[in-house]
Amino acid sequence: LCPHHVLWDIGAGSGSVSVEGGLSLPAGRVYSVEQDPASLELLAKNKERFGVTNMHLVAGQVPEVLPALPAPDRVFLGGALDHLDACLDLVFARNPAARVVVAADTLDALTRALEGFQRLGLTDVDVAQIAVTKTRGLGKTSRMTAQDPVWVVSGEGENCELE
């Protein structure tokens, strides 16, 4: 993130990405998109708790609410993956040089993200699998078992600036 960027956090949930993004973008703006009323309430509390004045809460359904937002430089899709293709199309119609990160928690979402990135011709595509691994007793020994793995898929449009 660069200080002046516009970040869309789609499916913002509790706001962890929005808060960190807002604190990292002193001259930028964060749009936290969420449809769940309980999550919106938590977003508002976290915005206030961490003093993130450049974080804007956007209540509503994706992709319907996205066209009203300013063009993004960076996008984090942690939710709304049922509408992934529509979200990607809107992002790159607004800014062909955007950079997108998708947090995919199922193989289906991972596949859809990779197919969408390929369809749009994104470059610098990267996939990282992240999981917390805990011990589990196995007789006299222990085995490490991954808990809730997530694939983080990133890619960028044409002429994306990585400053």
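How many residues does α2 have, and how far does α2 reach from its first C-alpha to its last? In the predicted model examined here, α2 has 13 residues and reaches 18 Å between these two atoms, close to the 18 Å expected at 1.5 Å a residue. The buried residues of this helix are S39, L40, L43 and N46. Viewed down the axis of α2, these residues fall within an arc of 125 degrees, so they line one face of the helix. An α-helix has 3.6 residues a turn, so residues three or four places apart point the same way. The face of α2 turned away from the buried side carries the exposed residues P37, A38, K45, E48 and R49. On the buried side, the packing partners are α1, β2 and β3.

The surroundings of α2 in the chain were also examined. D36 is located in the loop between β2 and α2. With a relative accessibility of 34%, D36 counts as partly exposed, because a residue is called buried under 20% and exposed over 50%. The C-alpha atoms of D36 and F50 are separated by 21 Å, and these two residues are 14 residues apart along the chain. After α2 comes G51, which has a positive phi, near 65 degrees.

For the protein chain as a whole, the secondary structure comes to 4 helices and 7 strands. From the N terminus on, the elements run β-α-β-α-β-β-α-β-α-β-β. The radius of gyration is 17 Å, close to the 15 Å that the globule rule gives for 163 residues, so the protein chain is as compact as a globular protein of that length. The C-alpha trace spans about 60 × 40 × 30 Å along its principal axes. Of the 163 residues, 40% are buried. The protein chain exposes about 8,800 Å², of which carbon and sulfur atoms supply 52%. Among contacts between residues at least 6 apart in sequence, 63% join residues at least 24 apart.

Helix α1 covers residues 16-24, and its buried residues are S18, V19, G21 and G22. These residues cover an arc of only 165 degrees around the axis, which puts them on the same side of α1. They pack against β1 (6-10), β2 (29-34), α2 (37-49) and β3 (55-59). The packing of α1 and α2 is thus listed from both helices, since the buried residues of α2 pack against α1.

Helix α4 comprises 14 residues (107-120), which at 1.5 Å a residue should span 20 Å; the end C-alpha atoms are 20 Å apart, in agreement with this value. Residues A109, L110, A113, G116 and F117 of α4 are buried. Down the helix axis, the buried residues fall within an arc of 130 degrees, so they line one face of α4. L107 and Q118 are exposed on the other side of the helix. The cover over the buried residues of α4 includes α3 (84-94), β5 (99-104), β6 (123-138) and β7 (141-156). Just after α4, G121 adopts a positive phi of about 70 degrees.

The largest nonpolar core has 29 residues, of which W8, I10, L66, L77, V100 and V102 touch the most other members. Two or more residues of this core are given by each of β1, β2, β4, α3, β5, α4 and β7. The largest share, 5 residues, comes from α3. Another core, of 6 residues, lies apart from the largest one; V19, L43, V52 and M55 are among its members. Of these members, V19 is one of the buried residues of α1, and L43 is one of those of α2.

Contacts were examined for two further residues, leaving out residues up to four places away in sequence. L77 touches I10, L84, C87, L88, V100, V101, V102 and A103. F76 is placed in strand β4 (residues 74-77). The contacts of F76 are with L7, W8, D9, I10, V17, V101 and A103. I10, V101 and A103 thus appear in the contacts of F76 and in those of L77. The C-alpha atoms of F76 and V65 are separated by 15 Å, with their positions 11 residues apart along the chain counted as the distance apart.

Definitions and conventions
Residues numbered from 1 in each chain as written. Predicted model: local features only at pLDDT ≥ 70, side-chain atom pairs only at ≥ 80, totals over all residues. Heavy atoms only, no water. Expected span 1.5 Å × (residues − 1). Buried < 20%, exposed > 50% of the residue type's maximum accessible area, 1.4 Å probe, protein only. Arc of directions from axis to C-beta. Contact = heavy atoms within 4.5 Å. Core = buried A, V, L, I, M, F, W, Y, C linked by side-chain atoms within 4.5 Å. Rg over C-alpha atoms; globule rule 2.2 N^0.38 Å. Areas by Shrake-Rupley, 256 points an atom, 1.4 Å probe, with all protein chains shown as cover.
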